[in-house]
Amino acid sequence: MTSNLLNHQIDDILESVLEDASGDIYMVNPSWEGIEQFVSVATGFDDSLPTVHMLADERTLKDVMDDFIVASNAADLISQDALALRTLEEAPENSLLITEDRIVAIVHAGDRVGGLVTEDESFVEDTYDTYAARWESAETFNLRTPPITDVQETLSDEIGPDAEEDFSAILDSLETARGDGDGLDEVTISLLVAAKNEALLYDISKWGEDVGIASKATFSRTKTKLEDMGLIDTEKVPIDVGRPRLRLKIGDERLQEADNGQLATVAQSILN
């Protein structure tokens, strides 16, 4: 084993492997951070991506993919055939990156990370074949989050380009979008964007259900919560037939004064 990737960060190791790979890659037993960093590196990768077959612990995958930012970008990679997700029954001791030419074992030591590399032809070939076989028998991980590209394009079409710009700007200002106190969730963000653009609740909830973010019922419950807390207001808009529709508006003056970069921070401070 050689240690020519020793003392790199995980993102550096991943980028190096993506740049040098001549074929498909198996990413085996990645850590929470490894999954997040892979999605980030692959999303920003300039060259064409190889297909990465990620074999990961199911619980870890579920926890990481609770973050809409990570999950929606992962879904984009899946739609591009750059990523496939399956669950791992028996995990090796370390995280592994396996290409046709080399194996990299990711080793953590405190705040240091090492990528220990072997290029022994026979060993690499046997290991590659072993995990290719394990991949074939592994269960597919069902990622329900829609690709971020689909979210942005349909939001622009259905609600308007300004709403899409607001949505993307808020996501860019957040480190995570979980709705667990560390970040706003995707439904809350969508409703805040709709209120900022004075869209109808019917339109934003129908868009959200159609694109796969959440059901209309979830949008309605979250709207009620935000309205009760004073973040948004509603006004009735008469229609020709049926009950009036509700137009969403920003309710708290602190949100009215905030730009997109501050909107998420102000909303979080009010919600918490």
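This report describes the two domains of a predicted model, the salt bridges in it and the surroundings of one lysine.

The model is predicted, so local features need pLDDT of at least 70 and side-chain atom pairs count only at pLDDT 80 or more, while totals for chains, interfaces and linings use all residues. Residues are numbered from 1 along each chain as its sequence is written, and side-chain values use heavy atoms, with hydrogens and water left out.

## Two domains

The domain assignment of the protein chain gives domain 1 (5–140) and domain 2 (148–271); such bounds come from an automatic or database domain assignment. The contact between them (heavy atoms within 4.5 Å) takes 11 residues from domain 1 and 12 residues from domain 2. Taken over C-alpha atoms, the centres of the two domains are 34 Å apart.

Together the domains bury about 850 Å², with 56% of this area on carbon and sulfur atoms. Buried area is the accessible area (1.4 Å probe) that two parts lose on being put together, summed over both. Between domain 1 and domain 2 there are 7 residue pairs in polar contact, both residues being at pLDDT 80 or more. A polar contact is a pair of N or O atoms within 3.5 Å; within protein, one must be able to donate a hydrogen and the other to accept it, and residues adjacent in sequence count only if both atoms are side-chain atoms. Across this interface the rule finds 0 salt bridges, a salt bridge being a side-chain nitrogen of Lys or Arg within 4 Å of a carboxyl oxygen of Asp or Glu.

On the side of domain 1 that touches domain 2, the elements giving two or more residues are α2 (32–43), α3 (58–64) and α4 (68–79). Of these, α4 gives the most, with 5 residues. Helices (H or I, at least four residues) and strands (E, at least two) are DSSP runs, numbered from the N terminus.

## Salt bridges

A search of the whole structure finds 9 salt bridges. The table lists three pairs, among them one that joins two helices.

| Pair | Closest N to O distance | Place |
|---|---|---|
| Asp166 and Lys196 | 3.5 Å | helices α7 and α8 |
| Asp210 and Lys206 | 2.8 Å | helix α9 |
| Glu227 and Lys223 | 3.3 Å | helix α10 |

Asp166 lies in helix α7 and Lys196 in helix α8 (residues 186–196), so the pair ties together parts that are 30 residues apart in sequence. Asp166 is buried at 7% relative accessibility, whereas Lys196 is partly exposed at 36%. Here buried means under 20% relative accessible area, exposed over 50%, and partly exposed in between (1.4 Å probe, protein chains only).

In helix α9 (residues 201–211), Asp210 and Lys206 are 4 residues apart, about one helical turn. Asp210 is exposed at 56%, and Lys206 is partly exposed at 34%. Glu227 and Lys223 are likewise 4 residues apart, in helix α10 (residues 216–228). Glu227 is partly exposed at 26%, but Lys223 is buried at 9%.

## Lysine 249

Lys249 belongs to strand β8 (residues 245–250) and is partly exposed, at 26% relative accessibility. Leaving aside residues up to four places away in sequence, Lys249 touches Ala195, Glu198, Leu231, Ile232, Asp233 and Glu235. With the side chain of Glu235, the side chain of Lys249 makes a polar contact of 3.2 Å. A network of salt bridges links Glu235, Arg247 and Lys249.
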